[in-house]
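Me: Please take me through one part of this model slowly, and tell me how the pieces around it fit together. I work at the bench, so plain words and residue names would suit me well.

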Amino acid sequence: MTGSPFTVRAMQATDLPVCLSFTQAVKWPHRDIDWQLHYETGNGSVITGENDDIVGCILWWDYDNCATVGLVVVPDHMQGQGLGRRLMNTVMSQAGDRTLMLVATEAGKRLYEQCGFSVTDNVTQVQGTLTGLPMKPDVPDVISSMKQDDIQDVFSFDALAYQCDRSKLLGSFFPLAQGVVARDGDALTGFAFLRTSGRGQTIGPVVAASEDVAEALILTLLENVEGFVRFDLTGCAEGVKTWLMDAGLQQVDYVCVMQKGEKSQCDGSRKVFALASQAFG
Ligand SMILES: CC(C)(COP(=O)(O)OP(=O)(O)OC[C@H]1O[C@@H](n2cnc3c(N)ncnc32)[C@H](O)[C@@H]1OP(=O)(O)O)[C@@H](O)C(=O)NCCC(=O)NCCS
């Protein structure tokens, strides 16, 4: 009896061009810089076949008690042979008892259900080029550029909203993205990042105490955006979505968030309005 010709191994930097070609083939907008960032901050695996050719990839991001899974791709001609399942089994075993979250495409939903995930939220992808700046919200909070001194407050604020420790991820955004914070007196009331990615620029994560503060943060970042901008808005960002669409952006996708395991919820005093990316959460 012969064994499986497929082997799962850790992803290496030299694998990124092949992984990028997989996401390009399914028409995802990632560029090499996006793959680099996701690779450097995550735990990647690839599955190889005969001749050591890569025939699938997956990554997960460790946020202490929870983790997100993303960039799961098996190229078209290799699908339906159990490779996606093997990649998911690898991640589920590496992640141990962490609660797992992912944003599921229609193609992946059945596989994730079979792996024990169920739908908990949705994400709306809103993007395009603004026809004008959206309306300025009326908030007393002061918006300013994120500085080194803000970082610990940002980590704590995010941990309360997200209910996981994303400090490693956010720390890696700090030098390469433009960050803004909102404060009411000394108290942090929100933060957001803008970075170059995909077809242009992405604003996210956006985490704030209220919709108005989220909009004030976004507006400050949009003042520096020229051309294409993308948001992955969570289920609590309906108002923000309408506000952005009134300024010319379009909804291009609506996908579900799936989760395996329990996760505590924030009391609502801080909310995640936009994801860092669909893979990062
Ligand atoms: C999702 C994806 C990774 C699945 O990979 P795969 O290697 O084909 O999956 P598997 O062969 O391990 O199949 C696992 C299960 O999912 C089911 N499945 C896989 N693709 C499916 C599809 N397109 N429609 C319905 N069910 C599907 C299989 O039937 C299988 O169930 P079974 O064991 O009861 O037969 C692959 O379809 C893919 O890369 N799609 C494009 C990119 C994408 O959308 N990725 C998901 C991102 S969240």
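Reply: A close look at one strand

Let's start with Leu-71, which counts as buried because its relative accessibility is 5%, and the cut-off for that word is under 20%. Please keep in mind that this is a predicted model. Leu-71 belongs to strand S4, and its backbone is worth a look: phi is near 50°, a positive value in a residue that is not glycine.

Asp-52 makes a good companion to it. Phi of Asp-52 is near 60°, again a positive value in a residue other than glycine. Its setting is a loop, the one between strand S2 (43-48) and strand S3 (54-63). Asp-52 is exposed, with a relative accessible area of 62%, whereas Leu-71 is buried.

Back to S4, which also carries a cysteine. Cys-66 is joined to Cys-164 by a disulfide, with 1.7 Å from S to S. Cys-66 lies in strand S4 (residues 66-73), while Cys-164 lies in the loop between helix H5 (151-162) and helix H6 (167-176), so the bond ties together parts of the chain that are 98 residues apart in sequence. Cys-66 and Cys-164 are both buried.

The structure holds 1 disulfide, so what about some of the other cysteines? A bond needs two sulfur atoms within 2.5 Å. For Cys-19, the closest cysteine sulfur is that of Cys-57, and at 4.2 Å this is too far for a bond. Cys-19 is buried, with a relative accessible area of 0%. Cys-256 has its closest cysteine sulfur in Cys-115, 14 Å away, which is also too far for a bond. Cys-256 is buried too, at a relative accessible area of 12%.

S4 has a part in the ligand site as well. The shell around the ligand draws at least two residues from each of S4, helix H3 (83-95), strand S5 (99-104) and helix H4 (106-114). H4 gives the most, with 6 residues. In total, 21 residues surround the ligand, and the closest are Val-72, Val-74, Gly-82, Gly-84 and Thr-105. The ligand sits in the largest pocket.

Several backbone atoms come up to oxygen atoms of the ligand. A backbone N or O atom of Val-74 is 2.8 Å from a ligand oxygen. For Gly-84, the distance from a backbone N or O atom to an oxygen of the ligand is 2.8 Å. Gln-81 also has a backbone N or O atom by a ligand oxygen, at 3.2 Å. As for how much of the ligand is covered, it exposes 890 Å² when taken alone, and the protein buries 74% of that.

One more backbone feature is worth a look, this time in another strand. Gly-204 and Pro-205 are joined by a cis peptide bond, with omega about 0°. Pro-205 is found in strand S10 (residues 200-208).

To bring it back to S4: the strand holds Leu-71, it holds the Cys-66 end of the link to the loop between H5 and H6, and it is one of the elements that supply at least two residues of the ligand's shell. If you have the model open, you could begin at Cys-66 and cross the disulfide to Cys-164, then return to the strand for Leu-71 and its positive phi, and finish with Val-72, one of the residues closest to the ligand.

Terms used: Residues numbered from 1 in each chain as written. Predicted model: local features only at pLDDT ≥ 70, side-chain atom pairs only at ≥ 80, totals over all residues. Heavy atoms only, no water. Helix = DSSP H or I, 4+ residues; strand = E, 2+ residues; numbered from the N terminus. Buried < 20%, exposed > 50% of the residue type's maximum accessible area, 1.4 Å probe, protein only. Near = heavy atom within 4 Å. Polar contact = N/O pair within 3.5 Å; in protein donor to acceptor, adjacent residues only side chain to side chain. Areas by Shrake-Rupley, 256 points an atom, 1.4 Å probe, with all protein chains shown as cover. 1 Å grid on protein atoms, 1.4 Å probe; cavity = no way out; pocket = protein on both sides within 12 Å on 5 of 7 lines; lining within 4 Å. Sits in = over half its atoms within 2 Å of the grid points.
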